[in-house]
Amino acid sequence: MSEQLKFIVEQLNREPFKKNLNLITFDSLEPMQLLQTLNDVLAEIDPKQALDIREEIPEQTAKRMFTLLGMLKYKPPGGISEVSSFRQGLVAGSKPVVHPILHWLLQRIPELKKRAYLARFLFKLEVPAEFLQDDIIAETYHQYEELVEGFKNIHKECEQLKSSGFSTADIRRDIVAMEEEKDQLIKRVERLRKRVEAVSNHKRMLELARQLRVEKEREESLAHQKQEQKNQLFQAEQRLQRSHIQLKDLQQAAADEKPESLMKRLEEDIKFNSYMVSEKLPRELENMRKVVQYLQKVASEPAMGQAELRELEDKIREINTEINHLIEKKMMRNDPMDDKLSLFRQQAAIIVHKKETKVEELQEAREELAAVERELNMKSSQARERGGAELIRGDEFKRYVAKMRGKSSTYKKKRLEIAELKAEYGVLQRTEEILRERHTAGQQQLQSLEAQRGISGYSDTQEELERVSAIKSELDEMKGRTLDDMSEMVKKLNSVIAQKKSALSPLIKDLRALRQEHAELAPDFEQKKGQYDTCAAGLESNRSKLEQEVRTLREETAQEESRYHHINCLREIIESQMQRAAEQSKINQSMDLQVRRTALREKYISNTAEQESLGKVRKTVFDHLSNLSDS
């Protein structure tokens, strides 16, 4: 009991209670203060219980606490027979009643919070059967049950997601990233749509592209179906070949063997199969049925907490100790007849166990032999189909395996080298492409600069010079040309340069004229561009204002439509209620007693009278019980 009080005081001094108690102050609490402490703990589990018990009737407080404890599956120490004394102790704030409740609650606050939260939504309302005869009430109750089931499924999914390791921060980041990608895709689609709309006959082209995509998807599905059918056909052919091979083997075995050996093997198979059918399989089936019944019994029972599991473990330990004591007592008696019978029983059990073990080994060996024979037949059939020779056996097969292992290691090394070479080739190929792209971009940039400076073709001339110089150097290195040859080459080069200059001179003159024209047109272009930008900015601002007005009007329209539908539904409900009220008034004014008994007013009056009579009876019983307890 002292350990229990220490635990309660320690938990009440922690967050979120912060009672600042010790053993003496806690033990000296008044019953009202003790009940308020219990109510604070219950309010931590269920926030609806947060109130001051001084503003509530004691019976109402006890009823509320008793209901919540029942919902939390708290079992009183005395069992069902002590429920009345437990209720009275809870009303009076008795320490022997309140202390165990506090100890039980403070041990399981997270688990009980979850249970209280689920009970708020899973506790079904009991509707009398006569009220369910009404279609509206029945339909509403059916919707209520569907919502409860939906809540169960959603809560299970939520728990699975919590236990799966996903964090909300990661999910939020993923959602933000996906939203950004969505916005980017929407913008890209809008830009592409604007480009496509500028093209003539774009709708027809879009329709053709859609049809092309559909046909490609259909082609892929047909190709997939074709491949699946080919696989099925190949598998069917393989099964057919295996069946033919098995048939041939069985025919050969039947032709080679004698009738006596066949009969002997059949008798062994019959004995084995009869043992399996009459003894082994029924025993295994019975064991499986017992396991299934036990699992069904465990599944049907409510979920147990840690305290209940500890109680069951304690009971199991107690029962095991009792069994050990009984075995020791039996061994102490040392009856000689029992010793002989136990010896025979042990020998019989050992023989049965050996028999079962050998049967299992025989069955496994047969299955393994059948699998090996099937594989051997399949391999031999494949070898015969491919025109191979007979199977290799003995030392020759071992030498063949060693040779194949050596070749396999060599093959793996060569394949690794090929993979490395392929990877290096891919890197070099990509490097070559990048360098070519850079070279092309540099050439284009150089040509544009030459065009701007009015010396188009200079780079080509430079390349030609470099090429010629390279040729010259190679010729000098290879053939050792003389100075005369070099002077001739220089003359040729000078003549080529002069020709290029003469060809470029008219282009340079045209370029100068074009530059002058560009200088004259540039101010007009800048002025027109400024006017265009000003006009575009004004139109864009007007368009944004109009879009905002349209968006506002659409929202107002949607609100008015929802309001209209809401008012229309209320009107229909009121009309149906007025119609029912008119029908009830007609029934009440009717002279026929049978008709008047069907009125709701008569039913409510009769139910009220019955409840009042039941209340009076309960009150008298409660007064009688209280008098008996006082006496």
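I take a disulfide to be a pair of cysteine sulfur atoms within 2.5 Å. The model I examined is a predicted one.

**Entry 1: disulfides.** With that criterion I searched the whole structure and found zero disulfides.

**Entry 2: two cysteines.** I then looked up the accessibility of individual cysteines. Cysteine 535 has a relative accessibility of 46%. For cysteine 569 the computed value is 42%. Partly exposed covers the range between under 20%, which is buried, and over 50%, which is exposed. I therefore entered cysteine 535 as partly exposed, at 46%, and cysteine 569 as partly exposed, at 42%.

**Entry 3: serine 469.** I located serine 469 in helix H15, which spans residues 458-479. Its relative accessible area is 35%, so I recorded serine 469 as partly exposed. I also checked its separation from valine 490: the two residues lie 21 positions apart in sequence, and their C-alpha atoms are 9.9 Å apart in space.

**Entry 4: the chain as a whole.** How many helices and strands does the protein chain have? I counted 18 helices and zero strands. The chain has 631 residues, of which 13% count as buried. I next turned to contacts with a sequence separation of 6 or more; 58% of these in the protein chain join residues 24 or more positions apart. Finally, I noted the exposed area of the protein chain, about 52,300 Å². Carbon and sulfur atoms supply 57% of that area.

How values were computed: Residues numbered from 1 in each chain as written. Predicted model: local features only at pLDDT ≥ 70, side-chain atom pairs only at ≥ 80, totals over all residues. Heavy atoms only, no water. Buried < 20%, exposed > 50% of the residue type's maximum accessible area, 1.4 Å probe, protein only. Helix = DSSP H or I, 4+ residues; strand = E, 2+ residues; numbered from the N terminus. Contact = heavy atoms within 4.5 Å. Areas by Shrake-Rupley, 256 points an atom, 1.4 Å probe, with all protein chains shown as cover.
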